[in-house]
Amino acid sequence: MRFFVLSALASLAWASSDYSGPLRPQVRFSPPHGFMNDPNGLFLDPKGIYHLYYQYNPTGLVAGNQHWGHATSRDLYHWTNQRIAISPDNSDEAIFSGSAVVDSENTSGFFPDQDDGVVAIYTLDTPEAETQHIAYSRDGGYSFTKYASNPVIDSNSTDFRDPQVVWHPETQKWVMAVAYAKDLVIGFYTSPNLKDWTHASNFSQKGLPGDQFECPNMVKFSVDEIDEEKHVLFISINPGAPLGGSTTMYLVGHFNGTHFTAEDPFKLADFSKDNYAAQWYSNIPEDQDPISIAWASNWQYTEEVPTGQLEGYRGSNSLPRVNTLQKVDGTWTVTSAPYDGLSTVKGPLISRQSTRNGDIAVDFSKVDSNAISFDVEVSGIFGPQATGEVIFNFTSSTGEDFLDGGIHLDSGEFWINRAGTHGFTTADNKAFTPSFNTTIPSFANGRFSYSGVIDRSLLEIFLNGGEQSATTSFFPNSPLDVLTVSARSLGKGTTVKVNAWGLESGWNS
Ligand SMILES: *[C@@H]1O[C@H](CO)[C@@H](O)[C@H](O)[C@H]1NC(C)=O
Ligand SMILES: *[C@@H]1O[C@H](CO)[C@@H](O)[C@H](O)[C@H]1NC(C)=O
Ligand SMILES: *[C@@H]1O[C@H](CO)[C@@H](O)[C@H](O)[C@H]1NC(C)=O
Ligand SMILES: *[C@@H]1O[C@H](CO)[C@@H](O)[C@H](O)[C@H]1NC(C)=O
Ligand SMILES: *[C@@H]1O[C@H](CO)[C@@H](O)[C@H](O)[C@H]1NC(C)=O
Ligand SMILES: *[C@@H]1O[C@H](CO)[C@@H](O)[C@H](O)[C@H]1NC(C)=O
């Protein structure tokens, strides 16, 4: 079976793709066919085109044979698949994760007559070692030449990977964060030219979760509240995530050019299980908030999910998200929301309703993409003891599948449950955890809101404007096409408003 699938895939042309399958996300990126994991090399080019590279096995439905796949977009929702950007030279090596920068000042010397040269920095994995390599592109990121004097960093280790490079204006140097995966250490290196790197410091901290660290990203945030810059160090963990498998955590602190110092305890980026290897765009304008994309799966089950057998691909990305750093209940928190409010794919409003206690039904079986965005706003949550619940339930007009969740106002518990989608369950893989929850500590001003984007086999939920978020994959046997929001046993004066919009597919044009 596996052999058959592999040879069938290998005969497909690189660009052939069919995004019409009932599990295929329509407003999120997934590869044309084959297996995808981490986003790599995210950068915005000077023409305003967002580039996305990704860990890609073009000839199989499980990890292995790693290349850098490539796609481009003007708005992060409509994607064009491009030719594979970086390939291994032989079957013993693999092109692992990394980042890309625009070397507009020609610091590298690779770009004699241009200010839009791109340098990719990635890990070359071989049975003997993991070393850091660079490759340069003189055509804006579409084709790359490997640097003749690679590797640029060799630490004599088989577990040393995922370089992320940013420009540090204060010291006029490039800074690399890279994972000594099994040592649970993030190394920082600096360089004037992307070729010669000097070890600057090691960051580690007792008590962090995880058996291995991967994909560090150090991201600068401007915080309006305190008119100050802070740095957030995101670290992906696999295995050893608190909920099992893989996830992303972060530490808020300060980077001084050589050392990162954490100022707060770590936080998880997500309260569900499908958010890994998040990466942040480089080269976006200084006055714009950071933008991220994560891989929306989990290593515990990603190689078994049914999109492989049914639709010839595995792996999808999260929505593109815009992030801010804010104090929430006294601690620094990275908030996230869909980039640009989904404006380029947001279709007509299909529902605007409110209720005190009762059901609001939104039938979206006529929305071609089978994807919608929705928000639920609860107000007037007052009194000594908040009561009741506000549930969402996605059901299928043609089958038995459902995906439900919501808020218990008395305990402040918000939950999501995917046990009702029957195409893949704990019976197929016991790590496919059925339900997730988090707690809302308080309802400021008597309000609580949640919003979400459901897209055939992915749901992302944002609580209170993105103070907490969850990314949940699910695999129904029949499309989910009806949303019911139910307000039950609410206290006097509490009301619920629901808005829902159809989304247009990013793959139509
Ligand atoms: C870019 O760097 C190379 C090598 O240092 C140099 O030959 C070339 O003149 C530089 N070009 C510009 C425009 O600075
Ligand atoms: C590289 O690592 C191996 C295995 O840990 C060790 O035996 C060897 O001495 C190291 N080589 C160098 C040059 O440090
Ligand atoms: C940094 O950490 C790595 C991984 O533990 C270790 O091999 C290396 O020696 C450390 N470097 C320094 C300068 O301490
Ligand atoms: C950066 O922080 C480290 C560790 O606290 C310190 O040793 C170093 O002197 C600092 N560098 C600068 C430029 O402040
Ligand atoms: C959601 O709908 C399904 C199918 O009708 C039902 O079994 C489930 O109990 C509902 N969930 C909630 C929380 O009401
Ligand atoms: C909430 O999730 C935790 C795991 O994070 C689990 O231990 C707990 O049982 C869940 N609570 C409920 C009420 O489902």
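Hi everyone, a definition to start: strands are DSSP runs of E with at least two residues, numbered from the N terminus. This is a predicted model, where local features need pLDDT of at least 70 and side-chain atom pairs count only at pLDDT 80 or more, while totals for chains, interfaces and linings use all residues. Residues are numbered from 1 along each chain as its sequence is written, and side-chain values use heavy atoms, with hydrogens and water left out.

Let's look at pockets. On a 1 Å grid over the protein atoms alone, a pocket is an open set of points where a 1.4 Å probe fits, with protein on both sides within 12 Å along at least five of seven lines; lining residues have an atom within 4 Å of a point.

Which residues lie nearest the centre of the largest pocket? They are K220, N283, I284, P285 and E286, out of 41 that line the pocket. Strands giving two or more residues to this lining include β5 (94-102) and β9 (160-168), but the largest share, six residues, comes from β13. The space in this pocket is about 1,000 Å³, a volume being the space filled by probe spheres set on the grid points, which are joined across faces, edges and corners.

Now the second largest pocket, with about 700 Å³ of space. Its lining has 39 residues, and T333, G466, E467, Q468 and S469 lie nearest the centre. Where does this pocket lie? Domain 1 (2-338) and domain 2 (345-503) both contribute lining residues, so the second largest pocket lies between them; those bounds come from an automatic or database domain assignment.

How values were computed:
Chains are lettered from A and ligands numbered from 1 in the order in which they are written. Helices (H or I, at least four residues) and strands (E, at least two) are DSSP runs, numbered from the N terminus.
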